[in-house]
Every structure is written in structure tokens, then in C-alpha cells.
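Reader: I am new to reading protein models, and I keep meeting words whose meaning I have to guess. Could we go through some of them together?

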Amino acid sequence: MREQGAGRLSWQVVEVTGPSMAPTLLHGDWLLIQKVSSGAELVREGDVVVLRHPLQQDLLIVKRAVERRDGGWWVMGDNAFVENDSREFGTVPDDLVLARARGRFRPAQKVQRSLTGVASLASWAASCVRPLRADRSFSRRLRAR
């Protein structure tokens with residue numbers, strides 16, 4: 001990660017692994033994340049965030065910040081069948097929240113193997129890059145693809 005000065009924003013691209021954020025994020029998707037010196041300061045309810053797992057701090061995880069509680073954030077995955085979130089480990093302290101996801105990139109091989117026609121290429125291009133916002137209506141549109 002390239003730092004842009006103390007207290008300033010820095011950006012990084014990371015790969016998603018695992019099913020906990022499906023269908024919003026799929027295994028193999030890439031995220032553009034924004035990090036600041038105190039990650040929790042730019043987080044809002046509904047944001048997709050990168051954080052250190054509270055019980056295994058060498059593990060970075062991606063979850064949705066559901067609500068602000070005493071002592072930190074209640075986070076959950078979008079996949080209700082995977083419980084590796086605050087239902088298991090409770091509220092996440094602010095200092096473990098590292099970054100906010102700003103966009104998702106879906107590799108072409110994940111979308112469709114045969115991108116032969118102009119229409120299918122345009123369809124892939126329109127769906128491969130999406131900003132990630134806290135707005136719930138936007139999230140529903142993203143899931144409905």
C-alpha cells in the first residue's frame with residue numbers, strides 16, 4: 001500500500017476470498033479499498049469494510065458495517081448462512097476497522113467465458129465495475145443482477 005502522508009487517504013486493491021459477502025461480493029472479486037489512519041472515522045452504516053478478525057487478528061475479513069454500538073461496529077456478512085461475523089464475535093472495536101470498500105471489480109472469467117459478441121462484451125463491462133455504497137437500495141440492485 002502506498003501511503004500519501006500522515007492522516008491522509010491511501011488506496012489499495014484486495015481480492016475477496018470466501019462466500020460470506022455473497023451475493024454482493026463473490027470469491028475472486030477485487031475491491032478498491034480506502035484506508036485512513038483511523039479506519040472507523042470514514043465508516044457509515046451499510047458500508048462494506050475491511051477489518052481485522054477480533055479473535056484472529058492476523059486474518060483480514062470483509063463485512064458490512066450494520067450499526068454503531070458502544071465500543072465499535074456490529075458487522076455482518078451479506079450471506080445469512082455464514083455466521084463468521086458479529087453474531088459470533090460481537091462488536092468490533094474501532095481500531096480493528098482498517099478500510100472502507102469503494103468499488104468492486106469482477107474479473108471477466110467469472111462473469112462469462114464467451115465474450116464474443118459486442119452486446120455480451122458491453123454487458124460484462126457494465127457489470128464488472130461497481131461502486132459500493134451504504135445506500136440499501138443500491139445494494140439491492142447489485143444483488144438482483
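Reader: Gladly starting here: what percentage of the 145 residues in the protein chain is buried?

Author: Buried residues make up 41% of the chain. Please keep in mind that this is a predicted model. A residue is called buried when its relative accessible area is under 20%.

Reader: Why is K35 called partly exposed?

Author: The relative accessibility of K35 is 28%. Buried would need a value under 20%, and exposed one over 50%. The 28% of K35 lies in between, so K35 counts as partly exposed.

Reader: Where does K35 lie?

Author: K35 belongs to strand β2, which covers residues 30-35. Its C-alpha atom is separated by 6.6 Å from that of R100, although the two residues are 65 apart along the chain.

Reader: What makes β3 and β4 a pair of strands?

Author: Pairing requires at least two bridges between two strands. β3 (residues 48-53) and β4 (residues 56-69) have 6 bridges, so they count as paired, and their sense is antiparallel. V49, for example, stands opposite K63 in β4. The two strands form a hairpin, with 2 residues between them.

Reader: How do you know that β4 also pairs with β5?

Author: The same cut-off of at least two bridges applies. Here 5 bridges join β4 to β5 (residues 72-76), so these strands pair as well, and they run antiparallel. R64 stands opposite M76 in β5. This hairpin also has 2 residues between its strands, and G71 takes a positive phi near 85 degrees there.

Reader: Which residues are closest to the centre of the largest pocket, and how much space lies in it?

Author: About 420 Å³ of space lies in the largest pocket. Its lining has 23 residues, and E15, V50, L60, I61 and V62 are the closest to its centre.

Reader: Which strand gives the most to that lining?

Author: That is β4, with 5 residues. Strands β1, β2, β3, β4 and β6 each supply at least two residues of the lining.

Reader: How many residues of the lining are nonpolar, polar and charged?

Author: The lining of the largest pocket divides into 14 nonpolar, 5 polar and 4 charged residues.

Reader: Finally, how many helices and strands does the whole chain have?

Author: The chain has 4 helices and 7 strands. Along the sequence they follow the pattern β-β-β-β-β-α-β-α-α-β-α.

Terms used. Residues are numbered from 1 along each chain as its sequence is written. This is a predicted model: local features need pLDDT of at least 70, side-chain atom pairs count only at pLDDT 80 or more; totals for chains, interfaces and linings use all residues. Side-chain values use heavy atoms; hydrogens and water are left out. Buried means under 20% relative accessible area, exposed over 50%, partly exposed in between (1.4 Å probe, protein chains only). On a 1 Å grid over the protein atoms alone, a cavity is a set of points where a 1.4 Å probe fits but cannot get out, and a pocket is an open set with protein on both sides within 12 Å along at least five of seven lines; lining residues have an atom within 4 Å of a point. Grid points are joined across faces, edges and corners, and a volume is the space filled by probe spheres set on the points. Ala, Val, Leu, Ile, Met, Phe, Trp, Tyr, Cys and Pro count as nonpolar, Asp, Glu, Lys and Arg as charged, and the others, Gly among them, as polar.
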